[in-house]
Amino acid sequence: MTPHLIVSDLDGTLLDANHDLHPETVETLRLLAERGHQLAFASGRHFLDMLAFRERLGVPIHVISTNGAYLHGPDGELLASRHLEAELARELIALERHDSVRLNLYLEDEWLIDAPAPRLLAYHAHTGFGYRVVEPASLDGEGVGKVLYIGDPERLTGLETAVRGRHGERLHVTYSTVNSLEIMAGGVNKGTALEALLAVLGIDSERCLAFGDNLNDTEMLALAGEAHVMANAHPELAERVPVARRIGHHAETAVARHLQERFSL
C-alpha cells in the first residue's frame, strides 16, 4: 500500500453543520490511519482550538493552523511558524475600521479580540476555545500569526483594499468566510505549510488529497495532486482551482464518503 497524505479544511468541509466531527467521519479517518495513510487538518482556526478534534480521533494527525502560520506534528511539536512583522501587525491593529468590525489576533498560545463577541463562541462550542478581550492600543504587535477582521462584507472590502494598496505582497490577504478577512505574513498560507509538511513526510504532492470550501484553501488545493471542493464552496474557489473535483455538501459528510470510495473502505 502506497501511503497518501490526506489534508482537509475543517469548517464547511470536514466538520458537519454543527461544527463538529460526525461519527462517520471519525470512523473513516481512523480506518485510513490504520492503513498507513498520513492525516492532516488545515484550518484558519487556532492550533489550541483544533486539538479537541485531533484528540477525539485518537490517531496521529499533523495540524496546519492559523491559515498556515503554524505547522505542528502529531505529538504537538512545532515544526514551523512565521509571524507578521511587528511593525505591520501594529499598523493593522491601528487601522481605522467601523465600530461593528471586530479585530482579532491569533498568537501562538491565545486568541485576542478588541471587544466581547459572544456569537463567535458558537463556532467553538465543541472545543471550549475562547478569546481574551484586550485594548488594542496596549499591544506591541509581537508574535502575531494572523490578524482577523470580522464584520459586514462591504466594510471588509474597504479594509482589504486599503491593506492591499499599502502593503502589497508583504502580506497574504484572504477570506475564510465572506465576513472574515484574514491577514498573515506574505507567503503564509495553507499551501506553503502543506508544501513544508509534504517535505517532512517525504510524500510527493501527487499523492496528496486535499479538501476545502473557501478562498483560504486556494493554494492548498492547487498544490495537491487530488483536489476537491465542496458543493457548498465559495463560488470563486472552483474557478481558482479548475482542476479540483466537486464533491458533496459538508453537512452530508461528503469528505468521508468520498474517501470511503477512493480507498475502498
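In this predicted model, Ser264 lies in the segment that follows helix H9. Although Ser264 is not a glycine, its phi is positive, with a value of about 50 degrees. With a relative accessibility of 60%, Ser264 counts as exposed, because the cut-off for that class is over 50%.

A positive phi in a residue other than glycine is also found at Thr253, where the angle is near 50 degrees. Thr253 is placed in the loop that leads from strand E14 (245–246) to H9. The relative accessibility of Thr253 is 6%, and this residue therefore counts as buried, since buried means under 20%. Thr253 is thus buried, whereas Ser264 is exposed.

Strand E14 also takes part in an open sheet, which is built from eight strands in the order E5-E4-E3-E2-E1-E12-E13-E14 and has mixed pairing. E5 and E14 stand at the edges of this sheet, and because each of them has a single partner strand, one side of each is left without a neighbour in the sheet. At the E5 edge, strand E4 (residues 70–72) and strand E5 (residues 78–81) run antiparallel and are joined by three bridges. Within this pair, Tyr70 stands opposite Ser81 of E5, while the bridge partner of His72 is Leu78, again a residue of E5. E4 and E5 form a hairpin with five residues between them, and in the turn Gly76 has a positive phi of about 90 degrees.

Strand E2 (38–42), another member of the sheet, is followed by a loop that runs to helix H3 (47–57) and contains Ser43. At 2% relative accessibility, Ser43 counts as buried, because this value falls under the 20% cut-off. When residues up to four places away in sequence are left out, Ser43 touches Asp9, Leu10, Met50, Ile64, Ser65, Thr66, Asn67 and Lys190.

Attention then turns to the enclosed spaces of the model. Two cavities of 30 Å³ or more are present in the structure, and the largest of them has a volume of about 60 Å³. The lining of the largest cavity consists of Ile6, Val7, Ser8, Leu14, Leu29, Leu39, Ala40, Phe41, Ile61, Val255 and Leu259. The elements that give two or more residues to this lining are strand E1 (5–8), E2 and helix H9 (254–262). By class, the residues around the largest cavity comprise 10 nonpolar, one polar and no charged residues.

The second largest cavity holds about 30 Å³ of space. Its lining is made up of Leu103, Leu105, Leu112, Ile113, Asp114, Val134, Pro136 and Leu139, and at least two of the lining residues are supplied by each of strand E6 (102–107) and strand E7 (111–113). The lining of the second largest cavity divides into seven nonpolar, no polar and one charged residue.

In addition to these cavities, the model contains pockets, of which the largest has a volume of about 580 Å³. This pocket is lined by 26 residues, and those closest to its centre are Asp11, Tyr123, Ser176, Thr177 and Ser180. Helix H1 (10–14), strand E9 (144–150), E10 and E11 each supply at least two residues of the lining of the largest pocket. The lining of the largest pocket divides into seven nonpolar, 12 polar and seven charged residues.

The loop between strand E10 (171–177) and strand E11 (180–185), two of the elements that contribute to the pocket lining, contains Asn179. At 27% relative accessibility, Asn179 counts as partly exposed, because this class lies between the 20% and 50% cut-offs. The side chain of Asn179 makes a polar contact of 3.4 Å with the side chain of Ser180, one of the residues closest to the centre of the largest pocket. With residues up to four places away in sequence not counted, Asn179 touches Tyr149, Ile150, Gly151 and Leu156. Asn179 and Pro153 are 26 residues apart along the chain, yet their C-alpha atoms are separated by 5.1 Å.

How values were computed
Residues numbered from 1 in each chain as written. Predicted model: local features only at pLDDT ≥ 70, side-chain atom pairs only at ≥ 80, totals over all residues. Heavy atoms only, no water. Helix = DSSP H or I, 4+ residues; strand = E, 2+ residues; numbered from the N terminus. Buried < 20%, exposed > 50% of the residue type's maximum accessible area, 1.4 Å probe, protein only. Contact = heavy atoms within 4.5 Å. Pairing = 2+ DSSP bridges. Polar contact = N/O pair within 3.5 Å; in protein donor to acceptor, adjacent residues only side chain to side chain. 1 Å grid on protein atoms, 1.4 Å probe; cavity = no way out; pocket = protein on both sides within 12 Å on 5 of 7 lines; lining within 4 Å. Points joined across faces, edges and corners; volume = space filled by probe spheres on them. Nonpolar A, V, L, I, M, F, W, Y, C, P; charged D, E, K, R; others polar.
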